[in-house]
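User: I would like a close look at a single part of this protein. Please pick one sheet and take me through how its strands are arranged.

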Amino acid sequence: MDSRGNIYVILRRNKLLYYDQEKGVFSEKNLPIQIPVDYHPNTLFEDTQTGYFWIGCEEGLAVFDFYAGKTYHKGNNPLHLPFLDDPNLVQVADYFIDKSRNHWLVFWNPHQRFGSFNERSENYSPGAMTLETITLDPIC
């Protein structure tokens, strides 16, 4: 569910559906979010601070700007959004932006890989090194 109360279902590696409250069904029609043609979604993250929806897909990463009504992706990234232009970025499994404005990414190419981007420093960190900043409680 997004911040506007819209409900979505992702059929992984296939399509995004939206709950049409008037008809009481999930549908591809009248989606509030646009995905590039021939992109197959895996994950969806709404950044309420910017109005962007980050859409992890089999083909890479796409961003839908809710306020502008525009979609950005590989080959169409005039805003120079992080990760979109990386040719190695495919099969995006998860995307998240934390409260410190760190972007966290999990993708497969062909093995599982990680990445992060800090908006303030504009620093990219490839690979599992990005996970070093996370502190986990030890299992006793």
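Analyst: Let us begin with one pair of strands. Strand 9 covers residues 102–108, and strand 10 covers residues 112–118. The two pair in the antiparallel sense, over 7 bridges. Want one spot to find on your screen? Look for Trp 104, which stands opposite Ser 116 in strand 10.

Now widen the view. This model is predicted. Strands 9 and 10 belong to an open sheet of 4 strands. The order across the sheet is 8-9-10-11, and the pairing is antiparallel. Which strands stand at the edges? They are strand 8 (92–97) and strand 11 (123–126). Each has a single partner strand, so one side of each is left without a neighbour in the sheet. Neighbouring strands here are turned against each other too, by 15 degrees on average, direction ignored.

For contrast, here is another part of the chain. Tyr 18 is found in strand 2, residues 15–20. Tyr 18 counts as buried because its relative accessibility is 17%, and the cut-off for buried is under 20%. Beyond its neighbours within four places in sequence, Tyr 18 is in contact with several residues, including Ile 7, Tyr 8, Phe 26 and Asn 30.

Follow that last contact. Asn 30 has its place in the loop between strand 3 (25–27) and strand 4 (41–47). Asn 30 is exposed, with a relative accessible area of 67%. Along the chain, Tyr 18 and Asn 30 are 12 residues apart, and their C-alpha atoms are separated by 7.9 Å. For Asn 30 and Leu 17, 13 residues apart, the C-alpha separation is 9.6 Å.

Methods:
Residues are numbered from 1 along each chain as its sequence is written. This is a predicted model: local features need pLDDT of at least 70, side-chain atom pairs count only at pLDDT 80 or more; totals for chains, interfaces and linings use all residues. Side-chain values use heavy atoms; hydrogens and water are left out. Buried means under 20% relative accessible area, exposed over 50%, partly exposed in between (1.4 Å probe, protein chains only). Contact means heavy atoms within 4.5 Å. Two strands pair if DSSP finds at least two bridges between them. Axes are lines fitted to C-alpha atoms, for helices over the stretch in contact, and angles run from 0 to 180 degrees between N-to-C directions.
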